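Dear colleague,

Please find below the structure that I am handing over to you. My notes on what was found in it follow directly after.

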Amino acid sequence: MPEPDRDLSRKAIAQALADLADTDRLTLVEIAADGVTTFLLHRDDNGRPRGRSWSATWPGLAGERGWGTHPAETREAVLRMARAASSTADVMLVAASSADPQVEQALAWLRAAHPAAQVLRAEAPIAALIREVIADDPLTRSYELIVVLVDSDTSRPRLTSRQLFPLGSRPGARTRVALRCEAAGAHGTAFAVVTWQGPKPRLLSVQSAPVAPGRYEVTAELVRPGRVRFTGLPALSPDPRGWDQLVAALPDRLAGGSGPAHLVCAVEVCGADDQVAERLSRARQMISSASGELGGLLRVSLLAYAAHSYDPSAPEFPVRIAAWEAGAGEALNALGALEERGAVARGYPYHPHAAQLEDMLAVVVERLGRADPAPAVILTVGGLPPHPARTDQSRILPCPHRHDWRKLLAALRQRQGTVLGAICDQPADQAHQVWHRIGAAALAHLEAVDVRGLAADLGLVASSPVHLPFPLLDETE
Amino acid sequence: MQPDPSRERPDHNIAMWGAPGSGKTTLLAALFIALTKSDDDWKIIGSDPASSDYLIEKTNALLRGKLFPEANMTMERYHWTLLGPALRKPGFWSRKAKPGPPARIGIGMTDAPGGWYGPAGGPSALDGSGDPRLQKLLDNLERSRGIVFLYDPIREFTLGDAFDHMHAPLTRLAERMLAAGEFTDGKLPHHIAVCVTKFDDPRVLETAEKRRLLTVDIDDPYRLPRVTSEDARELFHELCQVSASGTADMVLKALDQFFHPDRIRFFATSSIGFYVDRRTKRFDWDDFQNMVPGEADEDSRIRGQLHPINVVEPMLWLGQRLAAIRPTVVS
Ligand SMILES: Nc1nc2c(ncn2[C@@H]2O[C@H](COP(=O)(O)OP(=O)(O)O)[C@@H](O)[C@H]2O)c(=O)[nH]1
Ligand SMILES: [Mg+2]
């Protein structure tokens, strides 16, 4: 039944829009005093309603000779106005309530052509009404913000989304999110809103701004479907980057600058003098390189270990903790003392084919166990394998303390945020297989190590100036 | 009347024979130490001052320097005498039996000359007549009625040349014995103690363990694992299975071919024995190796105290067997 009430029309249109499935179309044909206007509505990839329209005046529809001269042609012209409406699409006919014969004739033709069409009566032009309905359309997809999560074990960043507005949200809805921003490069940090349809997110909007690194309390407001406004941030502007481009900007690993780091350097100090000097100098380079980039955020522990004595008349050189969780400067001083001392525990009765690697691991496990489970990078610099806990196929004499390097390494690998790296005297293909485990995250060759690259591989520093294109979810919240 | 054999002419001779590095020198020094320590009536002395010095020097190296004795190229010129308890008259077990003069058994040592000619050496080399070492070994073996044959399982793991080392000399020896009419029961007249050396090595001990051949003497305060002579043949056989060349099995066949079963005995021997912690004074399965390896150019050293295993036993067995035979010099 025709219904003149504007509110009722609005409701009817809103309902038809709400019923509009992703792949369907809704056709509204307005038959007004001045002519016919057709509105074609659909939902885009984000579920957001979109519309276009076209119109014709009565003279335009009837031709030069006027209404009634060629009724068949005029009828054809009127019906063609609703041409985009396929037989399955919903059609609504909105007619002016004035007793205009042209209006009534056109309505009659259209009703005959679309018998299932709902008919409304409305006075004012309905364009404004449709815009209103579209602007107030509740979300048919949840709107989510793209954020970065960092795996605490591998320090690899990955993308995920944080819901801003659930299904059914209406304009005016607000959500607060605590975010952390990192240095983001030329384009700034991108605030990308997506919807999910299947496994791939669909980009709804990307706005960005150069945001100083830090924590932000951000409010997101749903202005209208497809438009989210962020407050609590510097002014954002549209970002020209597409989804693939944004994802490609995500680094493999997070910058060292993302938090404080604890570098544990353990150096084998037995063997030839120049070899020991070389190992210590690599440790020095590593500490200097990391501290150059992390500054006060870097804590350094330095350990020295040598070979076991197998004769009670010769003193054992136990594992030496030259520094523990010290500043880089203090650790470098302690390293200087080790350099001055040089190689220890040489010749009989010190074992020539193994070192106290297992004792060193025992100290590290014990010391790290005392503190909070803060992330740590353990860098071992040496060449000899550890002593076994008991006589085994290796025929290396067992550790006098019966430390079991396998268990100790397993304990370190299970410890949260603990990364194992090594610089071995031998190149990787010649290194004792134990070194591949001691340097599980990265194994470098003493003579050919790129210290800066190794620091990056261990997640100690950024691989290149790392930019995070998206904000991080602040989990301290 | 009993002859009174001169120092230069022992009643019998024992030839110690094994591949270079099989552990002869170490065994001799360990024997000296073990005999000195033991309550047995046997002792070992040099047959001349040079041989005594050699023995003392090697023994000191082992005890003090914890060094393995250095390889000696001219050890064939050294001779020692194993001096046993007094020989007894035929009524051995009788209380009335009176002691006679002590048994004297000469010991000579020879590196098996296998390094110079093996199967690869060709027929002329196989003849061996041109090799002075082979001649010396044969002279030594011919003179002897006891043989200590050292079989080095570690060398066998890696080189597997034990058969090459032993087969030709045995064949030549049989030839000589046959010519001398000493091949009476179709076998060589010799007694042979086959010592599987380096029993302390984890690979050897493990093999014995896997075959359940290990026993512990109830009286042994250290509880050192051993293999009895009865089981040592099986250990030998087992070790032959892992030989690098696969010819080790033939060593056993050759032994059976040339020696009378009553005259062969196997020993699982270690000159240095197992490491025993000074505080616990107990053998420890987790930590028993008694050698500290040396740097690349250095030899291994001995880690703790020496605990020789089956070092004296082969000598005593041979000594007793030979003492029971009338000395060859009398007839
Ligand atoms: N494990 C172990 N190794 C031994 C033993 N005796 C000798 N060796 C090793 O074998 C090497 C050669 O020993 P040596 O007595 O010189 O052999 P030779 O050439 O037959 O006189 C020594 O340097 C040691 O490394 C032993 O009882 N146990
Ligand atoms: Mg030697």
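Which polar side-chain atom lies 2.5 Å from an oxygen atom of ligand 1? In this predicted model, that atom belongs to B:Thr25. Two further polar contacts can be listed beside it. A polar backbone atom of B:Gly23 is placed 2.9 Å from an oxygen atom of ligand 1. The side chain of B:Lys198 brings an N or O atom to 3.0 Å from an oxygen atom of the ligand. Ligand 1 would expose 580 Å² if taken alone, and the protein buries 87% of that area.

The shell around ligand 1 consists of 16 residues, and the closest are B:Gly21, B:Lys24, B:Thr25, B:Thr26 and B:Asp200. By character, the shell comprises six nonpolar, seven polar and three charged residues. Helix α1 of chain B (residues 24-37) supplies the largest share of this shell, with three residues.

I turn next to the aromatic side chains. Over all chains, a search of the whole structure gives 14 aromatic pairs. One of these pairs joins B:Tyr151 and B:Phe236; the ring centres are 4.5 Å apart, and the planes meet at 55 degrees, a tilted arrangement. The two residues stand 85 positions apart and the pair links distant parts of the chain: B:Tyr151 belongs to strand β5 (residues 146-151) of chain B, and B:Phe236 to helix α8 (residues 229-241) of chain B. B:Tyr151 counts as buried because its relative accessibility is 1%, under the 20% cut-off. B:Phe236 likewise counts as buried, because its value is 0%.

Elsewhere in chain B, ring pairs connect B:Phe199, B:Phe274, B:Phe283, B:Trp285 and B:Phe288 into a cluster.

Charged groups over aromatic rings were also found. In chain B, the charged end of B:Arg303 sits over the ring of B:Tyr275, at 3.6 Å from the ring centre. In chain A, A:Arg367 lies over the face of A:Trp324, with a distance of 5.5 Å to the ring centre.

A final point concerns A:Thr38, which is part of strand β2 (residues 35-43) of chain A. Is A:Thr38 buried or exposed? A:Thr38 counts as buried, because its relative accessibility is 0%. The side chain of A:Thr38 reaches the backbone oxygen of A:Met81 at a distance of 2.8 Å.

With kind regards

Key: Residues are numbered from 1 along each chain as its sequence is written. Chains are lettered from A and ligands numbered from 1 in the order in which they are written. This is a predicted model: local features need pLDDT of at least 70, side-chain atom pairs count only at pLDDT 80 or more; totals for chains, interfaces and linings use all residues. Side-chain values use heavy atoms; hydrogens and water are left out. A residue is near a molecule or strand if one of its heavy atoms lies within 4 Å of it. A polar contact is a pair of N or O atoms within 3.5 Å; within protein, one must be able to donate a hydrogen and the other to accept it, and residues adjacent in sequence count only if both atoms are side-chain atoms. Accessible areas come from the Shrake-Rupley method with a 1.4 Å probe; for residues, only the protein chains shown count as cover. Helices (H or I, at least four residues) and strands (E, at least two) are DSSP runs, numbered from the N terminus. Ala, Val, Leu, Ile, Met, Phe, Trp, Tyr, Cys and Pro count as nonpolar, Asp, Glu, Lys and Arg as charged, and the others, Gly among them, as polar. Rings of Phe, Tyr and Trp (its six-membered ring) pair if their centres lie within 6.5 Å; planes under 30 degrees apart count as stacked, over 60 as edge-to-face and the rest as tilted. Buried means under 20% relative accessible area, exposed over 50%, partly exposed in between (1.4 Å probe, protein chains only). A charge sits over a ring if NZ of Lys or CZ of Arg is within 6 Å of the ring centre and within 35 degrees of the ring normal.
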